[in-house]
Amino acid sequence: MLSLWRNLKAPRTFIPPHLSDLSSVRPRHAAALRASCVNPRREFSGKRFNVPPSAEFVARVSGIPTMAKLPFQETADGLDAAFIGVPIDTGTSNRPGARFGPRHIRVESALLRAYNSGTRAAPYESLMVADIGDVNVNVYDLKDTCRRIREEYRKILAAGCIPLTMGGDHTIAYPILQAVAEKHGPVGLVHVDAHADTSDVVLGEKIGHGTPFRRCVEEGLLDCKRVVQIGLRGSGYSPDAYEWSRAQGFRVVQAEECWFKSLEPLMAEVRAQMGSGPVYLSFDIDALDPGFAPGTGTPEIAGLTPIQGVEIIRGCRGLSLVGCDLVEVSPPYDTTGNTALTGANLLFEMLCVLPKVKYH
C-alpha cells in the first residue's frame, strides 16, 4: 500500500509486482482491478481525485491504517476536504481514553467503501480528499494544546480545505471554531450531544470538554440564532440544565423529543434555521445511546439511535458546511470496536453531505 501512495504523483499507472501477471484473472475483472484499485486516483471530468482502494482487490487488513485507506499527506494543500485527528482527552471530566479515538476510528474505517449506497453520494468523484494525520498535541498542557489546534486549523482553512475531525474530547471544538470564525465569521452550529457543553467553570477551569460552547459564545464565534443542540439528556445540576442555551437563542431539542420517531422533519426545520450561512457540525458520539456506542467517557442512557444520527447528518445536505467533527470515542470502553466503527461511518456520512459532492 505504501508503494501505491508513493506513486500517487507519478504520471504513469503503477502496477505492484504481485499484480503484474493477471493472466489467471477474467479479463473484465483484470480491467476493473487496474482501473479501480491499482491506480488509486480515478479520473472524472478531466480532474484526478484520491479514491480508496477497493477491498475487492486489496485486503482491508493490509497497509498502514489511514482514514478509509485514503492517501496520507502532510498538509491540506490541494485538498477540498481532509480527515485530521486530534488525540486528546486531557479535557475529560469522567472516563479518559478519547486520545485513542482517532487511531481506532482509522482502523475501523477500513470497512468503508467509496460510495454511499443509501444516498448515492460519490464524494471521491467530486472532492480531493486525504488523511493529513494528527495535530501534534501537548498531552501535559490543555491550553497549549488548544493553541496548537487553533494554529493547525488556520493552515487547513487557509488552504481552502474543509476539516473533518476525529476527536479527541469535545474541548477541541473551541479552538477549531476559533480558527473557523476567523475565516468565515460567526457560524451556525449543529451540535449533536448528550450534553450542552456550556458550563462556565468546572473545578476552577474554564477550558474543558464541558465548556467549549460557552467560550465560543463569549468570543462571538457563533451566530446564536443559528445554533441547534440535539439529543441533550441526563440528570442535571439544576431543574433546567439548558436554560443558558435557550437564553442565548439556541434551539434545544432534548432526547425525549426524539424518542420513537424519524428526525427527518426536525432536520427540515434545522435547514431552514441555518439558512445559507456557514455552518459547523459537531457530533459527540455520546449523543447515541450507550447500548449502541458504549465506548465513550460520559455516557447517558435513553439516547439517540444510530439511524437517527445518520438522519441528522444526511439532513445537513444542502447546508454550507465549513467543518465537521466526531468526538469522544473512547476505545478502551468498547472492546468490540463498534463505537469506533460507528464513528467512522458517521464521518463518512459527513463527507457525503459536504458542498459540491456529486450524487448519482
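The following legends describe close-up views of a predicted model.

**View 1. Helix α4 and its length.** Helix α4 runs over residues 142-158, a stretch of 17 residues. At 1.5 Å a residue the helix should span 24 Å, and its end C-alpha atoms are 24 Å apart, so the expected and the modelled spans agree.

**View 2. The ends of helix α4.** At the N-terminal end, D141 acts as a cap. A side-chain oxygen of D141 lies 3.1 Å from the backbone nitrogen of K143. Just after α4, the chain reaches G160, where phi is positive at about 75 degrees.

**View 3. The buried residues of helix α4 and their surroundings.** The buried residues of this helix are L142, D144, T145, C146, I149, R150, Y153, I156 and L157. In an α-helix there are 3.6 residues a turn, so residues three or four places apart point the same way. Among the buried residues of α4 are I149, Y153, I156 and L157. The buried residues pack against the strands β3 (81-86), β5 (129-134), β6 (162-167) and β11 (320-327), and also against helix α5 (173-184).

**View 4. The largest pocket.** This pocket holds about 950 Å³ of space. Its lining is made up of 38 residues, and those nearest its centre are S93, S199, V202, G210 and Y237. Sorted by class, the lining has 16 polar, 12 charged and 10 nonpolar residues.

**View 5. The cis peptide bond between G167 and G168.** Most peptide bonds are trans. The bond that joins G167 and G168 is cis, with omega at about 15 degrees. G168 is found in the loop between β6 and α5, and both of these elements are packed against by the buried residues of α4.

**View 6. R120, a residue with positive phi.** Most residues other than glycine have a negative phi. R120 is not a glycine, yet its phi is positive, at about 65 degrees. The residue lies in the loop between α3 (101-108) and β4 (121-122). Because its relative accessible area is 52%, which is over 50%, R120 counts as exposed.

**View 7. K356, a further residue with positive phi.** K356 is likewise not a glycine, and its phi is positive at about 75 degrees. Its place is in the loop between α10 (338-352) and β12 (358-359). With a relative accessibility of 77%, K356 is exposed.

Key:
Residues are numbered from 1 along each chain as its sequence is written. This is a predicted model: local features need pLDDT of at least 70, side-chain atom pairs count only at pLDDT 80 or more; totals for chains, interfaces and linings use all residues. Side-chain values use heavy atoms; hydrogens and water are left out. Helices (H or I, at least four residues) and strands (E, at least two) are DSSP runs, numbered from the N terminus. The expected span of a helix is 1.5 Å times one less than its number of residues. Buried means under 20% relative accessible area, exposed over 50%, partly exposed in between (1.4 Å probe, protein chains only). Contact means heavy atoms within 4.5 Å. A polar contact is a pair of N or O atoms within 3.5 Å; within protein, one must be able to donate a hydrogen and the other to accept it, and residues adjacent in sequence count only if both atoms are side-chain atoms. On a 1 Å grid over the protein atoms alone, a cavity is a set of points where a 1.4 Å probe fits but cannot get out, and a pocket is an open set with protein on both sides within 12 Å along at least five of seven lines; lining residues have an atom within 4 Å of a point. Grid points are joined across faces, edges and corners, and a volume is the space filled by probe spheres set on the points. Ala, Val, Leu, Ile, Met, Phe, Trp, Tyr, Cys and Pro count as nonpolar, Asp, Glu, Lys and Arg as charged, and the others, Gly among them, as polar.
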